[in-house]
Amino acid sequence: MNNTAHRITTLVRFVALCTVVLGFGTMPASAANLTRSIEVNAAPSAVWSVIGSFCAIKDWLPPVGMCIEDGKSPPTRTLVTKDGKASFVETQTARNEKEYSYSYAFVSSPLPVTNYKSTIKVTAKGDGVSVVTWTGTYTPDSGKEKDALDALSGVYEAGLVDIQARFKK
């Protein structure tokens, strides 16, 4: 290998090594998944009648004080927390009345996540019992993976417990 080719090869290796070493601190966090479910003592249609409306979330998600729907199709809702300190803008991305489900995505949120997409679904378990499942996918902000998981888990669990309590026998 001549001297110029050797220098170019060495330079390329050095640049590649620097890119790898320096890039580790700035690599985006990988996508994450979250699923929470709870059994409810009611038929799916009864549960859906309480939670299925896109703005019904204000009635069963404890931190939400207000839900404003824009009236468009597909709808976008703005959720404002009871203390007024945070708001979320979410757009409905899918809805299936027969399967008792809807999906939505964050347009804007104070949570340390991007690319958040979620589905709420009610399924029959049998004998007047349903399962409400809330799933989400998202990319946590780098360095905020635990904060994102803790925040979303807390929201999912609080909402599901409230739904379950509405149907206690």
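The largest pocket of this predicted model is lined by 17 residues, and those nearest its centre are Leu61, Phe88, Glu90, Leu111 and Val155. The space in this pocket comes to about 220 Å³. Sorted by class, the lining of the largest pocket consists of 15 nonpolar residues, one polar residue and one charged residue. Four elements, namely strand 3 (76–81), strand 4, strand 5 and helix 4 (145–165), each supply at least two residues of this lining, and helix 4 gives the most, with four residues. As to how such spaces are found, rolling a probe the size of a water molecule over the atoms shows where empty space is left.

The elements that supply the lining belong to a chain whose secondary structure comes to four helices and seven strands. Read from the N terminus, the order of the elements is α-β-α-α-β-β-β-β-β-β-α. The chain has 169 residues, of which 36% count as buried. Among the contacts in the chain with a separation of 6 or more, 50% are accounted for by residues 24 or more positions apart.

Strands 4 and 5 can be followed through two of their residues. Ser103 has its place in strand 5 (residues 101–108), while Thr93 is found in strand 4 (residues 87–96). Ser103 has a relative accessible area of 15% and is therefore buried, the limit being under 20%. When residues up to four places away in sequence are not counted, Ser103 touches Thr91, Gln92, Thr93, Ala94, Ser118 and Thr119. With Thr119 there is also a polar contact of 2.6 Å, which joins the side chains of Ser103 and Thr119. Thr93, with its neighbours within four places in sequence left aside, is in contact with Ser103, Tyr104 and Ala105.

Thr93 also leads to a proline elsewhere in the chain, since Thr93 and Pro74 are 19 residues apart in sequence and 7.0 Å apart in space, taken from C-alpha to C-alpha. Pro74 lies in the loop between strand 2 and strand 3, and the peptide bond that runs from Ser73 to Pro74 is cis, with omega near 0 degrees.

Strand 3 is also the place of Thr81. Thr81 counts as buried because its relative accessibility is 16% and the limit is under 20%. The side chain of Thr81 reaches the backbone nitrogen of Lys85 at 3.4 Å. Not counting residues up to four places away in sequence, Thr81 touches Pro63, Val64, Gly65, Ala86 and Phe88, and Phe88 is one of the residues that lie nearest the centre of the largest pocket.

The model also holds a covalent cross-link: the count comes to one disulfide, which joins Cys55 to Cys67 with an S to S distance of 1.8 Å. The pair links distant parts of the chain, with Cys55 in the loop between helix 2 (44–51) and helix 3 (57–60) and Cys67 in strand 2 (residues 64–69), twelve residues apart. The link of Cys55 and Cys67 is left-handed, with -80 degrees about the S-S bond, and both Cys55 and Cys67 are buried.

Backbone geometry provides a further topic. Most residues other than glycine have a negative phi, and most peptide bonds are trans. Asn115, although it is not a glycine, has a positive phi of about 55 degrees, and its place is in strand 6 (residues 113–126). Asp127 likewise has a positive phi, near 50 degrees, in a residue other than glycine, and lies in the loop between strand 6 and strand 7 (129–140). Asn115 has 52% relative accessibility and so counts as exposed, the limit being over 50%. Asp127, at 80% relative accessibility, counts as exposed as well.

The accessibility of four of the residues described above is set out here.

| Residue | Relative accessibility | Class |
|---|---|---|
| Ser103 | 15% | buried |
| Thr81 | 16% | buried |
| Asn115 | 52% | exposed |
| Asp127 | 80% | exposed |

Note on methods. Residues are numbered from 1 along each chain as its sequence is written. This is a predicted model: local features need pLDDT of at least 70, side-chain atom pairs count only at pLDDT 80 or more; totals for chains, interfaces and linings use all residues. Side-chain values use heavy atoms; hydrogens and water are left out. Buried means under 20% relative accessible area, exposed over 50%, partly exposed in between (1.4 Å probe, protein chains only). A polar contact is a pair of N or O atoms within 3.5 Å; within protein, one must be able to donate a hydrogen and the other to accept it, and residues adjacent in sequence count only if both atoms are side-chain atoms. Contact means heavy atoms within 4.5 Å. On a 1 Å grid over the protein atoms alone, a cavity is a set of points where a 1.4 Å probe fits but cannot get out, and a pocket is an open set with protein on both sides within 12 Å along at least five of seven lines; lining residues have an atom within 4 Å of a point. Grid points are joined across faces, edges and corners, and a volume is the space filled by probe spheres set on the points. Ala, Val, Leu, Ile, Met, Phe, Trp, Tyr, Cys and Pro count as nonpolar, Asp, Glu, Lys and Arg as charged, and the others, Gly among them, as polar. A disulfide is a pair of cysteine sulfur atoms within 2.5 Å.
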